[in-house]
Amino acid sequence: MKGFLQIVPNLTFGDDVCRLFHGRGGLYVGDEHLCLDWYKPVLLLTSFKMLESDQLNELVAAIVSLWQQQRPTETLNLVYQYRHGGQTLSELLHGEVPEQHIVTENGARFLVHLLRGQNHGLFLDMANGRAWVKQHTKHKKVLNLFAYTCGFSVVALQGGADEVVNMDMSKGALSIGKQNHVLNDLPAGARYLGHDIFKSWGKLTKLGPYDLIVADPPSNQRGSFVATKDYERLLKRLPDLLAPQGEVLLCLNAPELGCDFLMQQVVNTAPQLTYVERIVNPSVFGDIDEQKSLKVLRYRLN
């Protein structure tokens, strides 16, 4: 925990949601299991391996010390989450979590939930992807596949998109997505389709074509999407949904699969798409092997 304990005293808390410490990138030897996130006004400490009580106490003491130095008049709100495989244990260690917990990022507001499940409503490593979409969607029609809580839809409409079609199998996630649009005063312009993407090509085709498609699937979720077998099925369909010169953001967050995997899939199944660039991840998500970190690849229809 040496790296964590060295970094924590230098951290600062801003207004936007963000990761503060990213052990998962392997840059801090021995701390690969630790992450610390700021979901104002709550800190979230996550460990991907079981901590002994004295280890957890040492980490919490460092966080408490930092908080008292920076915000001595405010109550510390701290959640601890242990994650391993399918097991998740969430515990409120200090303070409280707002009943309606709303965070901000780059001028957008999002609902999050830290005390249930592994996913909190907003994937922090995708911040630069959302920023890119916000900057490049003016007067465009956007298709947001595997939309989750519709973060891309919110920022696309903020960036001036004409329309966004959101599709996800989880109607619960889309319901939160609708609330996110209301939070950002975006009452119109978004559609929400709670369907299996692979059974909905006709519907998507009818609503298209699209100037931008964002595909951000889970990397290995049985019954929904497994990258090694399903990305090819997805890519075969995308070119037909695009308008002339339309673009695609292909996302992949599987440490065992690098850019080469995704790029070869495109060559094999969607040669009409030309590689443009990889969207750089936020610096705090630095990794000893960038091929293991989040991949967001931008392609354009020939």
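The exercises below, each with a worked solution, concern a predicted model of a protein chain.

**Exercise 1. Describe how strand β4 is set among its neighbours, and decide whether it is largely enclosed or not.**

Begin with the burial of the strand itself: β4 covers residues 78-84, and six of these seven residues are buried, so the strand is largely enclosed by the rest of the structure.

Next, look at the strands that pair with β4. Strand β3, residues 42-47, pairs with β4 in the parallel sense over five bridges, and within this pairing Leu-45 stands opposite Tyr-80 of β4. Strand β5, residues 87-94, pairs with β4 in the antiparallel sense over seven bridges, and here Tyr-82 has Leu-89 of β5 as its bridge partner.

Then follow the connections. Helix α2, residues 53-70, forms a right-handed β-α-β unit together with β3 and β4. The hairpin of β4 and β5, by contrast, has two residues between the strands, and in this hairpin Gly-85 takes a positive phi near 60°.

**Exercise 2. Determine which strands pair with β8, and in which sense, after examining how the residues of β8 are buried.**

The first step is the count of buried residues: five of the five residues of β8 are buried, so this strand is largely enclosed by the rest of the structure. Sorting these residues by direction, one finds Lys-141, Leu-143 and Leu-145 pointing one way, while Val-142 and Asn-144 point the other way.

The second step is to examine the pairing with β9, residues 163-167, which is parallel and extends over five bridges; in it, Lys-141 is placed opposite Glu-163. Between these two strands the chain passes through helix α4, residues 151-158, and this β-α-β crossover is right-handed.

The third step is the pairing with β11, which runs parallel to β8 and is joined to it by four bridges, with Leu-143 standing opposite Ile-213. The answer is therefore that β8, a strand whose residues are buried in five of five cases, pairs in the parallel sense with β9 and with β11.

**Exercise 3. Characterise the contact between domain 1 and domain 2, and identify the side chains that meet in a salt bridge.**

Start from the bounds: the domain assignment gives domain 1 as residues 1-105 and domain 2 as residues 123-301. The C-alpha centres of the two domains lie 29 Å apart.

Now turn to the contact itself, in which 13 residues of domain 1 touch nine residues of domain 2. The area buried between the domains is about 940 Å², and carbon and sulfur atoms give 64% of it. On the side of domain 1, Arg-19, His-22 and Glu-105 lose the most area to domain 2, and together they account for 48% of what that side buries.

Finally, consider the charged pair. There is one salt bridge between domain 1 and domain 2, and the side chains of Glu-105 and Arg-130 meet in a salt bridge with an N to O distance of 2.7 Å.

**Exercise 4. Locate the cis peptide bonds at Pro-41 and Pro-209, and the positive phi values at His-139 and Asp-185.**

As background, most residues other than glycine have a negative phi, and most peptide bonds are trans.

Take the peptide bonds first. The bond from Lys-40 to Pro-41 is cis, with omega near 5°, and Pro-41 belongs to the loop between β2 (34-39) and β3. A cis bond also joins Gly-208 to Pro-209, with omega about 0°, and Pro-209 lies in the loop between α6 (201-207) and β11 (210-215).

Take the phi values second. His-139, which is not a glycine, has a positive phi near 60°; this residue sits in the loop between α3 (127-135) and β8 (141-145), and its relative accessible area of 57% makes it exposed, because it passes the cut-off of over 50%. Asp-185, likewise not a glycine, has a positive phi of about 55°; its place is the loop between α5 (171-183) and β10 (190-193), and at 65% relative accessibility Asp-185 also counts as exposed.

**Exercise 5. Name the residues of helix α8 that are buried, and the elements that help to cover them.**

First list the residues: in α8, residues 259-269, the buried ones are Cys-259, Phe-261, Leu-262, Gln-265, Val-266 and Thr-269. Then ask what lies over them: the cover includes helix α7 (227-241) together with strands β14 (242-252), β15 (273-278) and β16 (295-301).

Terms used
Residues numbered from 1 in each chain as written. Predicted model: local features only at pLDDT ≥ 70, side-chain atom pairs only at ≥ 80, totals over all residues. Heavy atoms only, no water. Buried < 20%, exposed > 50% of the residue type's maximum accessible area, 1.4 Å probe, protein only. Pairing = 2+ DSSP bridges. Right-handed = clockwise from strand over helix to strand, strands pointing away. Domains from an automatic or database assignment. Contact = heavy atoms within 4.5 Å. Buried area = accessible area lost by both parts, 1.4 Å probe. Salt bridge = Lys/Arg side-chain N within 4 Å of Asp/Glu carboxyl O.
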